[in-house]
Amino acid sequence: MSRSDYELGPLVDLGRERPQVPARARNMSPIVPRGSISGSALVAVVAIMTFLASITTGTVLLVSASAAEWQSDVASEITIQVRPAPGRDLDRDSAGVADAVRAQPGIVDVRAFTREESAKLLEPWLGSGLSLDELPVPRVLVARVQPGSAVDLEVLRSRVTQAAPTASVDDHRAWIERMRSMSGATVIAGLGILVLVIVATIISVSFATRGAMAANRPIVEVLHFVGAGDRYIANRFLRHFLRLGLEGGVIGGGIAMLVFGFSESIANWFSGTPVGDQFAALLGTFSLRPSGYLALAVQAVAIAAITAWASRRTLFATLNDID
């Protein structure tokens with residue numbers, strides 16, 4: 001062994017497809033520079049894509065959870081309206097309907113709105129201070145259904161009609177179907193955005209990989225000349241892009257988690273305002289469950305894996321062109 005080989009360190013056997021390279025030189029001179037400008041740009045791109053994907057996923061989870069709560073609340077109540085009619089006592093009809101509903105199996109509670117409470121319900125449309133004495137305002141009753149029980153609506157409608165011919169029963173099926181349609185559309189839109197983000201990530205990684213291969217083409221050709229195989233060269237690039245993908249995924253996913261972590265506090269600042277109330281009705285408390293944060297973490301790792309997969313496919317295609 002010569003003096004120069006002794007100074008660089010012992011030779012390491014890298015296998016039949018790999019050249020014999022001093023271990024210290026191999027560690028000090030990576031094929032792909034770790035702090036290159038293109039690497040920093042790719043980290044920024046992956047971080048932005050991960051952030052957008054996490055925000056989309058978190059919003060879909062919030063809307064789905066709120067829609068599920070709406071459906072549960074609406075499905076647990078039945079609304080009965082008793083309309084005034086000439087020759088009939090509205091208070092007596094309302095009391096008779098309440099007794100008939102209480103006798104129905106599966107009903108645990110019946111609440112009849114007073115005339116003043118019924119007028120309060122109309123204030124958003126008619127305003128306050130309006131006299132409703134001359135208006136045919138119906139009397140509203142809300143029946144709460146026992147959880148897990150099914151109410152025979154046909155029998156209930158028959159009993160209610162016998163007690164008051166002008167009464168009507170609403171089980172809110174139309175609202176439930178609308179909520180299901182809205183939540184389903186939200187999920188589909190979120191999946192569409194996630195697909196676009198993943199496609200954009202794959203395209204960005206592919207271009208970055210080709211750029212890194214083009215910048216290091218002389219090194220790749222020399223490695224081929226001394227006997228290095230495609231798998232050895234590709235693994236060096238693959239580790240580089242996997243590290244960049246993990247770094248970008250952690251940054252983007254972490255920022256998204258912080259946004260959702262502080263969203264509840266931010267929402268409290270706007271509570272009581274029309275905009276805040278509308279968003280609260282749509283997204284609930286703005287707070288993700290622990291399973292939601294776990295989903296965001298898994299998604300960040302998945303985007304890093306997609307980054308490595310896209311770079312691997314591009315690596316072997318580019319190496320075949322170099323060959």
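**Entry 1: the cores**

I started with the largest nonpolar core, which has 26 residues; Leu-42, Ile-233, Phe-237, Phe-241, Leu-315 and Leu-319 are the ones that touch the most other members. I then looked up where the core residues come from. Helices H3 (37-75), H7 (173-215), H8 (217-225), H9 (230-269) and H11 (290-322) each give two or more residues to this core. H9 contributes the most, with seven residues. Another core lies apart from this one; I count 19 residues in its entry, including Leu-90, Val-97, Val-101 and Leu-141. A reminder to myself: this is a predicted model.

**Entry 2: the whole chain**

I backed up to get the overall numbers. The protein has eleven helices and six strands. It runs to 323 residues, of which 37% count as buried. I also checked the contacts with a separation of 6 or more, and 82% of them are between residues 24 or more positions apart. For the surface I noted about 19,000 Å² exposed, with carbon and sulfur atoms supplying 62% of it.

**Entry 3: Thr-307**

I picked a residue in H11 next. Thr-307 sits in that helix. Is Thr-307 buried or exposed? Its relative accessibility is 0%, so I put Thr-307 down as buried. I left aside the neighbours within four places in sequence and listed what Thr-307 is in contact with: Val-46, Thr-201, Val-205, Phe-241 and Gly-245. Phe-241 had already turned up in my first entry, among the residues that touch the most other members of the largest core.

**Entry 4: a nonpolar patch**

I went looking for nonpolar side chains on the outside. Val-195, Val-199, Ile-203 and Phe-207 form a surface patch, and together they have about 390 Å² of accessible area. Phe-207 belongs to helix H7. Its relative accessible area is 61%, and the cut-off for exposed is over 50%, so Phe-207 counts as exposed. I wrote the general tendency beside this: in soluble globular proteins, nonpolar side chains tend to be buried together. H7 also gives two or more residues to the largest core, so I have this helix down under both headings.

**Entry 5: salt bridges**

How many salt bridges does a search of the whole structure find? It finds six. I wrote up three pairs.

Arg-139 pairs with Asp-91, and their closest N and O atoms are 2.7 Å apart. Arg-139 is in strand S5 (residues 139-145) and Asp-91 in helix H4 (residues 90-102), so this bridge ties together parts that are 48 residues apart in sequence. I checked the burial of both partners. Arg-139 is buried, at 11% relative accessible area, whereas Asp-91 is partly exposed at 48%.

Glu-154 and Arg-157 make another bridge, with the closest N and O atoms 3.9 Å apart. Why are Glu-154 and Arg-157 separated by about one helical turn? They are three residues apart in helix H6 (residues 153-163), and that spacing is about one turn. Glu-154 counts as exposed at 58% relative accessibility, while Arg-157 is partly exposed at 29%.

Glu-247 bridges to Arg-243, the closest N and O atoms being 3.8 Å apart. Both are in helix H9, four residues apart, which is again about one turn of the helix. Glu-247 is partly exposed at 37% relative accessibility, and Arg-243 is partly exposed at 34%. I kept one general note for this spacing: an α-helix has 3.6 residues a turn, so residues three or four places apart point the same way.

**Entry 6: two sides of H6**

I stayed with H6 and sorted its residues by burial. Leu-153, Leu-156 and Val-160 are buried there. They cover an arc of only 60 degrees around the axis, so they are on the same side of H6. Which residues are exposed on the other side of H6? I found Glu-154 and Gln-162 exposed there. The buried residues of H6 pack against strand S3 (77-82), H4, strand S6 (167-170) and H7.

**Entry 7: Ala-167**

I followed that packing into S6. Ala-167 is in this strand, and I have it as buried, with a relative accessible area of 11%. Outside its neighbours within four places in sequence, Ala-167 is in contact with Ile-80, Gln-81, Val-82, Val-97 and Val-160. Val-160 is one of the buried residues of H6, and Val-97 is among the members of the 19-residue core. I also looked up Pro-84: Ala-167 and Pro-84 are 83 residues apart in sequence and 9.0 Å apart in space, C-alpha to C-alpha.

Technical notes: Residues are numbered from 1 along each chain as its sequence is written. This is a predicted model: local features need pLDDT of at least 70, side-chain atom pairs count only at pLDDT 80 or more; totals for chains, interfaces and linings use all residues. Side-chain values use heavy atoms; hydrogens and water are left out. A nonpolar core is a set of buried Ala, Val, Leu, Ile, Met, Phe, Trp, Tyr and Cys residues joined through side-chain atoms within 4.5 Å. Buried means under 20% relative accessible area, exposed over 50%, partly exposed in between (1.4 Å probe, protein chains only). Contact means heavy atoms within 4.5 Å. Accessible areas come from the Shrake-Rupley method with a 1.4 Å probe; for residues, only the protein chains shown count as cover. Patches are made of residues with over 30% relative accessible area and no salt bridge: like charges are joined within 9 Å, nonpolar side chains (Val, Leu, Ile, Met, Phe, Trp, Tyr) within 5 Å. A salt bridge is a side-chain nitrogen of Lys or Arg within 4 Å of a carboxyl oxygen of Asp or Glu. The arc is that of the directions from the helix axis to the C-beta atoms.
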